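Q: Got a minute to go through this one with me? I'd like to talk side-chain contacts, starting with charges.

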Amino acid sequence: MLVEVDLFSGRPNPRWRLDPRAAEEFRTLTAGLPPAGPVARPPSPGLGYRGFTVTDADRVIHIFAGRVTEGATSRTDPDRSLEHWLLTRLPSSLRHLHSVVAEAIEDGREG
């Protein structure tokens, strides 16, 4: 399972793989979120933090601003718990990004 934090423009975003145990925990956490109504995906914030993209085999899941979207299916995560959880899985080589992403999540910024 590949995780990408959508953060940069003009250069590759940071990526890392979740170990099998963390990947299974991610699937469980995601499946436990309540379905969202027909609310549109949050608008793109432009520059800066724009969420996480998780690729799990042929599934692509976008997590941003309290919404977890996979294709036409969407779930709500009002506490942004999945974003926080993914942030705790940053590898040590990317720890310098922790405060930037954490601040964006805490501020509730969508951009």
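Q: Which residue does E4 meet in a salt bridge?
A: R15. Their side chains come together at 2.9 Å, N to O. Keep in mind that this is a predicted model.

Q: Where do those two sit in the chain?
A: E4 is in strand β1 and R15 is in strand β2, residues 15-17. They are 11 residues apart, and the pair links distant parts of the chain.

Q: Is E4 buried or exposed?
A: Buried. Its relative accessibility is 18%, and the cut-off for buried is under 20%.

Q: And R15, buried or exposed?
A: Exposed, with a relative accessible area of 53%. So this bridge joins a buried acid to an exposed arginine.

Q: How many salt bridges does a search of the whole structure find?
A: Eight.

Q: What does E24 pair with?
A: R27. The closest N and O atoms are 3.1 Å apart. Both residues lie in helix α1, three residues apart, which is about one turn of the helix.

Q: How accessible are E24 and R27?
A: E24 is partly exposed at 42% relative accessibility. R27 is partly exposed too, at 29%.

Q: What about R59, which residue is its salt-bridge partner?
A: D56, with 3.6 Å between the closest N and O atoms. R59 is partly exposed, at 28% relative accessible area. D56 counts as buried, at 10%.

Q: Which residues are linked in a network of salt bridges?
A: E24, R27, D56, R59 and E70. That network takes in the E24 and R27 pair and the R59 and D56 pair.

Q: Switching to rings. How many aromatic pairs does the search find?
A: Four, over the whole structure. One of them is F26 with W85. Their ring centres are 6.2 Å apart and the planes are at 40°, so the pair is tilted.

Q: What does that pair tie together?
A: Parts of the chain that are 59 residues apart in sequence, because F26 lies in helix α1 and W85 in helix α2.

Q: Buried or exposed, those two?
A: F26 is buried, at 1% relative accessible area. W85 also counts as buried, at 10%.

Q: And how do the rings of Y49 and F52 sit?
A: Edge-to-face. Their centres are 5.9 Å apart and the planes are at 70°. Both residues are buried.

Q: Which residues form the aromatic cluster?
A: W16, Y49, F52 and F64.

Q: Which charged residue lies over the face of F64?
A: R80, at 5.9 Å from the ring centre. There is also R11, whose charged end sits over the ring of F8, 3.7 Å from its centre.

Q: On to the core. How many residues are in the largest nonpolar one?
A: It has 28 residues. L18, F26, Y49, F52 and I63 touch the most other members.

Q: Which elements give it two or more residues?
A: Three helices and three strands are on the list: α1 (20-31), α2 (81-88) and α3 (98-106), plus β1 (2-5), β3 (52-56) and β4 (59-64).

Q: Any general reason to expect a core like that?
A: Nonpolar side chains tend to be buried together in soluble globular proteins.

Q: Which residues should I colour to see core and rings at once?
A: Take F26, Y49 and F52. They are among the core residues that touch the most other members. F26 has its tilted partner in W85, while Y49 and F52 make the edge-to-face pair.

Key
Residues numbered from 1 in each chain as written. Predicted model: local features only at pLDDT ≥ 70, side-chain atom pairs only at ≥ 80, totals over all residues. Heavy atoms only, no water. Core = buried A, V, L, I, M, F, W, Y, C linked by side-chain atoms within 4.5 Å. Buried < 20%, exposed > 50% of the residue type's maximum accessible area, 1.4 Å probe, protein only. Helix = DSSP H or I, 4+ residues; strand = E, 2+ residues; numbered from the N terminus. Phe/Tyr/Trp six-rings, centres within 6.5 Å; stacked < 30°, edge-to-face > 60°. Lys NZ or Arg CZ within 6 Å of the ring centre and 35° of its normal. Salt bridge = Lys/Arg side-chain N within 4 Å of Asp/Glu carboxyl O.
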